[in-house]
Structure formats: C-alpha cells, structure tokens
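Student: Before we look at any details, could you take me through this model by question and answer, with the reasoning given at each step?

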Amino acid sequence: MAHRVDHEYDYLFKIVLIGDSGVGKSNILSRFTRNEFSLDSKSTIGVEFATKTLQIEAKTVKAQIWDTAGQERYRAITSAYYRGAVGALLVYDITKKQTFDNVQRWLRELRDHADSNIVIMMAGNKSDLTHLRAVSENDGQEFAEKEGLSFLETSALESHNVEKAFQTVLTEIYHIINKKALAAQEAARNSGPPGQGTTIHVVDSSDAGSSKSSCCSS
Amino acid sequence: MVMKKKSVPEWLNSPLWYSKPPDDRPISHYNTKTLRPDSSPPPPPPPPPLSKSPSLPALLGSERSDLPSGEPSPCHPWLEEEPRDSELLVDFRITVRVTLHVVAAPSEQLLLGYFPLDHTLWALELEKKMKQYNKLKDDLLLNPSEITRRMEASAATKTEELANENIGLLSRSEIKHEEHPLSLSKTSVWNQYFQEAEILEQIDRDVKRTHPEMEFFCGDSPIAKTNQEALRRILIIFTKLNPSIKYVQGMHEVVAPLFYVFRNDLDGTNATFAEADTFFCFAELLNIFRDNFCKQLDYSVVGIQSKMEKLSQLLKRHDEELWRHLEVITKVIYLQVSPQFYAFRWISILLMREFNLTECLHIWDVLLSDPEGPQETLLRICCAMLILVRRRLLAGDFIANLKLLQNFPNTNISHILHIANKLRGPTVD
C-alpha cells in the first residue's frame with residue numbers, strides 16, 4: 001500500500017542510499033535534490049534526509065531519500081532506517097575496487113533488514129574520473145545482471161545519470177504498485193458475489209513502530 | 001495554538017523561547033565572525049546562576065590578563081554580553097584543561113586533574129605531556145619496514161649476546177621469517193599494517209573533510225596541511241591505543257575544536273604543544289563519551305540508543321505536549337519523529353555539526369564544567385534545542401520536522417543554554 005496523504009503528491013516512496021564511505025552518496029543526494037555538488041562535503045554522521053517531488057507517468061511522486069553513513073560502525077544503527085524503504089541506491093566508486101567488492105556485503109545488509117521486494121539500483125559513481133578507473137563498466141553490468149539489479153554509472157560531479165538512476169528506481173516501484181493494485185482489483189472481483197461483504201485482512205508486515213509506507217510488503 | 005498543559009511549566013510558553021519565524025535562508029554555518037544572531041528576539045532576563053562554576057577561572061587566576069584588553073569580565077559573559085572569540089577561546093582552554101579529568105572522575109576531584117589548578121605549573125605540565133606524546137608517536141607511527149628493521153637489529157644483538165654467553169649453542173628462537181609484506185601470519189607487523197590500512201584511509205578521508213569552510217583546517221595552504229597532519233596523527237595514535245573502538249567517523253569532528261583552541265593559544269610556546277595537548281584532552285573526552293562510539297554497546301544501558309531514549313524521556317517530562325506531538329501524533333499520521341533520526345548526530349559528536357565552531361566552544365564550555373556531568377548536560381541541551389523550536393515542531397509533520405531538526409536554525413546559543421539550565425532539578429508532575 002502506498003501512501004496517499006494530501007494533494008501535494010500521489011505517492012510517497014522511501015529510498016535509502018547505501019554504500020561504502022567516500023563513494024559519493026551525499027553528493028548524489030545533493031545533486032538530485034538541490035542540484036548541488038561539493039568537492040569537500042562533510043562526512044555523514046548517522047543519517048541525513050532529503051525529499052524531491054517528481055512526475056512519474058502523470059502521477060506526482062514524492063521521493064523521501066535517506067542518506068546513511070558508510071562506515072561499518074554505523075551499520076547496526078542505520079539498519080533501522082531501512083524499514084519501510086521501497087527502493088535502494090547502492091553506490092560504489094569506480095576508482096576504488098574495494099568499494100565494488102563490498103557491494104555484496106551491502107546486498108546482504110539489505111536482504112537482512114529491508115523488504116524482500118525492495119527495488120535496487122547499483123550505481124558506479126565518479127564516472128568522470130576515467131583516468132583513475134579501477135572497475136570496468138562491463139564488470140559492473142555483469143554483476144548487476146547476475147544479482148538482478150538495475151545498473152548505471154553515474155557522476156554526481158558532472159550531473160551524469162543521477163536523475164536517471166532515481167527515475168528508474170521510482171518508475172519501477174510505481175509499476176510494481178500498479179500491478180499490485182490491478183491484482184487486488186482482480187482478486188476483489190473474483191471473490192464472491194458483489195454486495196457480499198469481504199473481509200480484508202490488512203497485515204502490517206513490519207513490527208510495531210515501523211513505517212506504513214512500504215508499498216512492497218505483502 | 002499553544003495549549004497550557006498541566007505538565008508544562010509556565011516559563012516554557014514564554015514567547016521569548018520561540019525561535020524566529022521560519023525562513024528559507026540557508027543556514028550560514030561557521031560564520032565564526034559573529035556570535036550575535038541578526039534579528040533574534042530580545043535577550044532573556046538574566047537567569048539564575050548557571051551551572052558553570054564561576055569560581056573556576058577565578059580560582060585559576062586570570063589567564064585573560066594576557067589579552068590586550070583587560071576589561072573586567074562579567075559573571076556570565078554568555079548571558080550578559082556575547083563573549084569575544086578570544087575570550088571564549090581562553091575560557092574554553094581553561095575549562096578543557098582543568099575540568100576534563102575532574103568531570104571524568106568527580107570523586108577524585110582536582111587530584112586527578114589533567115592540569116594542576118595552579119596555572120603557573122602549566123608550562124611544566126605541557127612539557128611533560130609533550131614528551132609522553134613524542135614517545136607515543138615514536139612507538140606507534142612507525143611503518144612496518146622500520147619496525148622490522150628494529151626487530152632485526154634487536155634480534156641480531158640478542159643472538160650475538162647469546163652466542164657470546166653460550167658459545168657453541170645456536171639460538172634460533174629470535175629469528176623471524178614472518179616479517180615480510182606477503183606474510184600470512186596473523187601476528188606479522190605487515191599483516192597488521194594492511195588491516196589497519198582501511199582505518200587509516202578512513203581517517204585520511206575524514207580529516208580532509210573537517211570544517212571545509214575554515215582555512216585553518218582545509219585547503220592547500222601549508223597551515224591547513226600541517227594541521228591536517230596533526231589531526232591525522234592524533235587520531236591514528238588514539239586508534240592504536242584503543243583497539244576495541246578504533247576510529248569511528250565523527251571523532252574527527254570532536255578532535256577538531258580542541259586542536260583549534262590549543263593551536264590558537266596566545267602563548268606561542270603553548271601553541272607548539274598543541275598537538276600533544278589536544279591528544280590527551282581528546283583521550284579524556286572520549287573516556288567520557290566513548291560508549292557512544294562503540295557498536296557493541298549500542299543497545300546496552302550505556303550505549304547511544306539508551307541516551308536517545310533518555311532524551312525522549314527528558315522531553316516527555318518537561319514538555320509532554322511536544323513529546324506527544326513528535327512521538328505519538330506524528331506516528332499515527334505517518335512516522336514517529338524519533339530521536340534516532342536527528343539526535344544520533346547531536347549526541348555522538350557533541351553538537352559539532354549543529355552550530356558553528358565558536359558557538360560549539362560556547363556550548364562545550366558549559367558541557368564540560370557543569371556539575372551534573374557532561375552526559376546529563378548534553379541531554380539537557382538537546383532537549384532545550386527541541387523546546388526552543390517547539391512552536392514550529394508542533395505545526396510540522398514528519399518531513400518538515402525532520403528537516404528542521406537535521407538543519408537546526410540559526411539560534412541564540414544563550415537561549416538554548418538558559419533553557420537547558422531550567423531543565424535541571426525536580427520537574428512539575
């Protein structure tokens with residue numbers, strides 16, 4: 001179930017930004033939400049938060065993006081922020097092989113803490129630093145296909161593919177919701193004669209205190 | 001509309017505490033030249049004496065006499081007039097040097113002081129600390145090649161000595177074949193070196209991102225480079241001496257203000273000791289707040305989660321209406337504005353990101369000298385910050401409130417400290 005709160009937007013989707021420290025998560029976020037980039041931005045402590053409203057197939061979608069600290073120490077804390085997230089942008093740095101190798105660990109992290117239907121986009125950031133490249137685009141593409149993730153190389157500095165990465169994730173989420181809504185209508189039509197009340201059990205898949213915004217929970 | 005609740009004390013609803021109406025100006029953090037907010041509400045009436053022991057600087061004799069202007073200082077400079085930057089630095093140096101040990105071990109009081117109360121002895125103390133620090137640098141900042149060279153040299157001497165003592169008996173025990181860069185042995189210095197490399201990279205990355213708006217810390221100037229090197233060494237030595245917590249992102253923000261005040265000591269000699277001085281004070285400060293950085297303690301009674309829970313309870317006790325709005329009403333509509341979304345950063349790096357450096361020194365000064373101890377004082381200050389923007393919070397939803405709290409508006413620090421001071425002691429039930 002997606003959130004329909006007021007006339008400002010039709011849907012509210014929660015997205016998390018994850019990946020190793022220093023890969024450029026905060027700059028991806030500031031590029032997307034404020035069209036800003038800073039070479040000497042500060043490190044993220046805990047979690048930072050921003051929103052952006054955009055149009056997806058004639059619907060107004062508000063993306064609520066949570067930027068998390070990359071260091072290992074913060075994972076225990078930040079895992080709580082995954083709750084209710086319907087999309088994730090998993091970022092690595094194309095000039096640092098280690099950050100690509102760690103993508104696997106981040107996927108495990110998502111599997112452990114996020115909704116199993118979460119839509120994941122892997123982003124190889126800093127694509128402008130071609131002379132320092134340590135991970136080929138092909139390697140990224142192959143890995144993404146193997147893991148069933150969307151993939152793009154991005155450059156927050158040059159504003160390349162950042163908007164597209166978020167658009168892709170949000171559109172995919174929107175399609176999943178639409179499909180679910182259709183399926184639900186279908187199910188409603190097929191369940192008994194009209195007029196007869198049908199009990200719908202609304203099950204909140206997450207535990208108490210969690211978000212109700214998850215569109216992918218069953 | 002602000003409802004008068006039984007549990008909300010009268011003073012809480014005073015219009016004095018309301019922050020400026022929301023505006024969309026970017027927050028000009030680190031505009032360190034001015035402490036005075038441009039269009040703040042009228043200053044509050046002088047509050048009852050603050051926690052900061054007024055006797056402390058007096059006890060110490062006045063380091064302020066070093067200052068060019070010898071104006072008598074007001075009892076509570078942060079309330080009656082905004083302190084000048086230089087005064088603030090002096091005050092803060094005194095607080096840090098003298099009180100860190102005191103608050104860390106109140107029962108021992110000044111006996112354990114990092115610095116003796118008599119500040120004529122400080123020069124001597126600084127020299128002692130400098131020697132200790134140099135020894136640490138010598139021992140801990142060697143690269144593996146140097147370590148192995150030293151080990152080989154000492155092994156060779158020992159073998160020679162043994163050979164001389166027991167002619168004919170060859171001792172093999174001292175000969176190590178594991179000390180090379182490709183060694184798989186866990187005890188190999190090279191292996192340890194590579195394991196540490198990740199942390200060292202992290203420290204490097206963060207040190208370079210410390211206060212990017214201040215030339216003192218960032219940029220290509222020789223001063224910035226030297227200062228970055230000093231911060232780097234301090235953090236590496238701390239990491240090596242504290243293998244259980246190592247380096248955690250955010251520590252760089254805690255060490256920076258200490259280094260800034262010591263490096264800017266008007267006494268040039270003291271300034272040359274800044275790195276050693278900072279290291280020991282940082283270690284003391286972390287002694288008090290280290291549990292916040294420790295992942296293993298996150299969910300224990302001393303970990304950061306429980307601190308955030310305490311903040312929530314403190315707010316509930318003093319301003320139930322606001323607490324209810326943030327943690328109950330907003331939750332019904334969408335999501336609870338839980339302290340973990342905003343106070344994690346406030347608490348773990350002692351508010352360093354929420355205000356500019358000068359304002360932070362002002363806050364830290366109170367934090368470290370309050371008789372209730374820095375932990376309790378920090379939570380009271382955090383709670384005061386919430387109360388200060390209560391009207392905007394009460395009008396806001398989840399998203400608006402989170403944005404407000406993650407980008408705390410320009411504020412008169414005196415107001416925050418004044419409210420924080422009011423929050424101590426018995427509460428109205």
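Tutor: What follows is a set of questions and answers on a predicted model, moving from the chains to their rings, backbone and cavities.

Student: Which elements make up the secondary structure of chain A, and in what order do the elements run from the N terminus on?
Tutor: The secondary structure of chain A comes to six helices and six strands. Read from the N terminus on, the order of these elements is β-α-β-β-α-β-α-α-β-α-β-α.

Student: How many helices and how many strands does chain B have?
Tutor: Chain B is a chain of 429 residues, of which 53% count as buried. Its secondary structure contains zero strands, and the number of helices is 18.

Student: What part of the contacts in chain A with a separation of 6 or more comes from residues 24 or more positions apart?
Tutor: Chain A has 218 residues, and 53% of them count as buried. Among its contacts with a separation of 6 or more, those between residues 24 or more positions apart account for 73%.

Student: What share of the accessible surface of chain A belongs to carbon and sulfur atoms, and what share do they supply in chain B?
Tutor: For chain B, the exposed area is about 20,100 Å², and carbon and sulfur atoms supply 57% of it. For chain A, the accessible surface comes to about 10,100 Å², and the part that belongs to carbon and sulfur atoms is 49%.

Student: How many aromatic pairs are there over all chains, and what is the geometry of the pair formed by A:Tyr11 and A:Tyr174?
Tutor: Over all chains the count comes to 23 aromatic pairs. In the pair of A:Tyr11 and A:Tyr174 the rings lie 5.8 Å apart, centre to centre, with 70° between the planes. Planes over 60 degrees apart are classed as edge-to-face, so the geometry of this pair is edge-to-face.

Student: Which elements of chain A does the pair of A:Tyr11 and A:Tyr174 link, and are these two residues buried or exposed?
Tutor: The two residues are 163 residues apart, so the pair links distant parts of the chain, with A:Tyr11 in strand β1 and A:Tyr174 in helix α6. The relative accessibility of A:Tyr11 is 9%, and the relative accessible area of A:Tyr174 is 5%. Because the limit for burial is under 20%, A:Tyr11 counts as buried, and A:Tyr174 is likewise buried.

Student: Which residues are linked into a cluster by ring pairs, and which charged residue sits over the ring of A:Trp66?
Tutor: Ring pairs join A:Phe49, A:Trp66 and A:Tyr81 with B:Phe341 and B:Phe398 in a cluster. The ring of A:Trp66 also has a charged end over it, 4.6 Å from its centre, and the residue that supplies this end is A:Lys14.

Student: Where does A:Asn35 lie, and what is its phi?
Tutor: Most residues other than glycine have a negative phi. A:Asn35, in the loop between α1 and β2 of chain A, is exposed, with a relative accessible area of 53%. Although A:Asn35 is not a glycine, its phi is positive, at about 55°.

Student: Is B:His211 buried or exposed, and what value is its phi near?
Tutor: B:His211 belongs to the loop between α6 and α7 of chain B. Its relative accessible area is 0%, so B:His211 is buried. The phi of this residue, which is other than glycine, has a positive value near 40°.

Student: Which residues does B:Asn227 contact beyond its neighbours within four places in sequence?
Tutor: B:Asn227 is found in helix α7 of chain B, where its relative accessibility of 4% makes it count as buried. Leaving aside the neighbours within four places in sequence, the residues in contact with B:Asn227 are B:Phe216, B:Phe259 and B:Arg263.

Student: How many cavities of 30 Å³ or more does the structure hold, and which element gives the most to the lining of the second largest cavity?
Tutor: The structure holds four cavities of 30 Å³ or more, and the second largest cavity has about 60 Å³ of space. Of the 13 residues that line the second largest cavity, those closest to its centre include A:Val47 and B:Phe341. At least two lining residues each come from β2 of chain A and from α13 and α17 of chain B. With six residues, the element that gives the most to this lining is α13(B).

Technical notes. Residues numbered from 1 in each chain as written. Chains lettered and ligands numbered in written order. Predicted model: local features only at pLDDT ≥ 70, side-chain atom pairs only at ≥ 80, totals over all residues. Heavy atoms only, no water. Phe/Tyr/Trp six-rings, centres within 6.5 Å; stacked < 30°, edge-to-face > 60°. Helix = DSSP H or I, 4+ residues; strand = E, 2+ residues; numbered from the N terminus. Buried < 20%, exposed > 50% of the residue type's maximum accessible area, 1.4 Å probe, protein only. Lys NZ or Arg CZ within 6 Å of the ring centre and 35° of its normal. Areas by Shrake-Rupley, 256 points an atom, 1.4 Å probe, with all protein chains shown as cover. 1 Å grid on protein atoms, 1.4 Å probe; cavity = no way out; pocket = protein on both sides within 12 Å on 5 of 7 lines; lining within 4 Å. Points joined across faces, edges and corners; volume = space filled by probe spheres on them. Contact = heavy atoms within 4.5 Å.
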